[in-house]
Amino acid sequence: MTTKPQLPKTTPSESSQITRRTLLGSAVAGTAAATFGNFTIFSRHAQAAEPLRILCWPGYEERDVIAEFEDLHKTKVEFKIYIGGEQMLQFFAQTPPGTFDAIISDAEYVQKLKANKAIEAYKTEGFAELANYHPKFRDFAPTRGETAGTVYGIPTRFSFYGISYNTEEMSAEQAADWNSLLDPKYAGKIGMFDWYLPNLGNASLAINPGNQTPYAITDDQLKQVKEFLTKLRPQIGMFGSSNQPIAQAMLAGDIIASPTGDLDVDLKLAGYDNFSSTIPKQGGIRWQEVACVCSASKNKDLAMEWVKYMTSPKIQSKLVYTKAFKARGPNMKIVDYWDDDQKKLLSYVPDPANPGKMLVETLIDRSMPRGLPSNQPEQAWIDVFNEFKTA
């Protein structure tokens with residue numbers, strides 16, 4: 001194991017990040033707060049006449065991301081930051097109709113927003129940058145509208161729940177197979193993110209490789225998922241509420257691998273080069289955020305301009321490299337705005353095993369969108385995970 005100092009638990013610099021589920025003050029650093037309804041809306045401007053109001057994950061409000069839009073449209077943008085889909089739904093439900101003009105939603109929560117009539121479909125005609133999107137994001141099933149050429153959201157940012165691992169303890173070949181986590185030598189050495197959705201999705205792929213719809217499984221397949229998790233349970237040494245404690249345990253040598261992708265990004269930025277991550281050959285879960293337009297918005301034209309703005313490779317190059325955290329962008333032209341270190345860190349480099357493809361494209365091809373259970377109640381999946389945790 002490396003003898004370098006421990007990764008800091010705070011994030012004072014770009015070299016140590018937060019996860020998408022850890023709210024830090026830095027997520028809204030440098031903003032002015034304007035009260036709106038019962039909530040605090042974060043904006044770069046303390047006063048705003050008919051501003052665009054957006055409900056979103058951290059990162060979108062950072063100056064490098066939004067300044068060009070405000071300058072171009074001579075407008076002001078206010079942000080309400082949330083952490084997690086359930087908090088997003090809560091914030092939306094507790095504000096009057098018309099409070100928000102646009103929402104950045106995790107793709108699987110689009111169906112819940114639709115059910116609440118919170119968002120509306122819009123045409124993709126005129127979105128020239130979609131031609132530069134990876135094909136899996138160009139025609140994105142979780143957000144398709146009811147009529148051809150319409151969507152409820154366009155992807156803006158994504159990344160993976162593959163296997164992150166210590167290269168001194170696990171080989172690339174082992175990391176490419178979910179079954180490697182069951183090896184007795186790794187007993188008590190696997191760390192897991194404490195959330196049922198990505199973990200059961202990955203287990204679904206482990207028992208049914210290549211399934212393009214890992215959240216649409218039969219009751220028998222869910223039983224097989226439970227059996228896989230039962231085998232995996234002795235291997236689990238810890239559950240982390242965020243990436244940070246898992247990364248700390250990996251640095252300490254207590255944990256050697258985790259089905260929590262991209263831990264290596266933070267660790268490499270902190271100066272550790274003995275970590276990597278991949279999507280196993282059976283497939284892995286991918287999260288993605290999408291830009292939606294609110295049904296009750298009184299500023300829909302400007303909201304649509306903002307959605308179009310977020311498809312730009314230049315803007316995505318900044319969005320996925322914010323102070324909040326690092327991710328990936330669906331517009332493959334994003335590489336035109338990065339240096340070699342950024343390309344390497346986020347896998348936008350040639351894949352030796354697939355000539356003509358970048359490594360990130362191979363990972364996208366092997367991954368499936370995170371979703372919600374479609375053939376069983378959510379609670380049934382939550383119960384499986386809770387039983388697994390307490391076993």
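Okay, helix 8 and what sits around it. The list of elements covering its buried residues includes strand 10 (163–166), strand 11, strand 12, strand 13 (257–258), helix 9 (263–269) and strand 14 (275–278). Bear in mind that this is a predicted model. Helix 8 itself runs over residues 243–252, and eight of those ten residues are buried, so the helix is largely enclosed by the rest of the structure. If you want to click through them, the buried ones are N243, Q244, I246, A247, Q248, A249, M250 and L251.

Let me zoom out for a second. The chain has 14 helices and 16 strands. It has 391 residues, and 56% of them count as buried. On contacts: take the ones with a separation of 6 or more, and 75% of those are between residues 24 or more positions apart.

Right, helix 7. That's residues 219–232, so 14 residues. At 1.5 Å a residue you'd expect a span of 20 Å, and the end C-alpha atoms are 20 Å apart, so the expectation and the model agree. Which residues of helix 7 are buried? They are L222, V225, F228, L229 and L232. Look down the axis of helix 7 and those buried residues fall within an arc of 110 degrees, so they line one face of the helix. As a reminder, an α-helix has 3.6 residues a turn, so residues three or four places apart point the same way. Over on the other side of helix 7 you'll find D219, D220, K223, T230 and K231, and those are exposed.

So what does the buried face pack against? For the buried residues of helix 7, the partners are strand 11 (190–193), helix 6 (196–207), strand 12 (236–240) and helix 14 (378–390). Strands 11 and 12 should sound familiar, since they also came up among the elements covering helix 8.

Let's stay with helix 6 for a moment. Two packed helices are described by the angle between their axes and the distance between the axes. Here the axes of helix 6 and helix 7 come within 9 Å and cross at roughly 100 degrees. That makes helix 6 roughly perpendicular to helix 7. From the helix 6 side, the contact is made by L200, A203, S204, A206 and I207. From the helix 7 side, you have Q221, L222, Q224, V225, F228 and L229. Sort the residues in that contact by class and you get eight nonpolar, three polar and no charged.

Now over to helix 1, residues 63–73. Its buried residues are V65, I66, A67, F69 and E70. Yes, there's a glutamate in that list: E70 counts as buried. The elements that cover this set include strand 3 (52–56), strand 4, helix 10 (300–310) and helix 11 (313–319).

Right after helix 1 comes K74. Most residues other than glycine have a negative phi. K74 isn't a glycine, yet its phi is positive, about 50 degrees. K74 sits in the loop between helix 1 and strand 4 (77–81). Is K74 buried or exposed? Its relative accessibility is 73%, so K74 counts as exposed.

There's another lysine to mention here, K117. It has a positive phi too, about 55 degrees, and K117 is not a glycine either. You'll find K117 in the loop between helix 3 (110–115) and strand 6 (119–120). With 69% relative accessibility, K117 counts as exposed.

Two more residues and I'm done. D365 is in helix 13, residues 359–365. D365 is partly exposed, with a relative accessible area of 30%. Setting aside its neighbours within four places in sequence, D365 is in contact with H134, K136 and K357. And take G284: it's 81 residues from D365 along the chain, but their C-alpha atoms are separated by 9.8 Å.

Last one, Y337. That tyrosine is in the loop between helix 11 and helix 12 (340–345). Y337 is partly exposed as well, at a relative accessible area of 44%. What does Y337 touch? Not counting residues up to four places away in sequence, Y337 touches P313, K314, S317 and Q342. The C-alpha atoms of Y337 and K318 are separated by 8.7 Å, with the two residues 19 apart along the chain.

Technical notes: Residues numbered from 1 in each chain as written. Predicted model: local features only at pLDDT ≥ 70, side-chain atom pairs only at ≥ 80, totals over all residues. Heavy atoms only, no water. Helix = DSSP H or I, 4+ residues; strand = E, 2+ residues; numbered from the N terminus. Expected span 1.5 Å × (residues − 1). Buried < 20%, exposed > 50% of the residue type's maximum accessible area, 1.4 Å probe, protein only. Arc of directions from axis to C-beta. Contact = heavy atoms within 4.5 Å. Axes fitted to C-alpha atoms, helices over the stretch in contact; angles between N-to-C directions. Parallel < 35°, antiparallel > 145°, perpendicular 65-115°, else oblique. Nonpolar A, V, L, I, M, F, W, Y, C, P; charged D, E, K, R; others polar.
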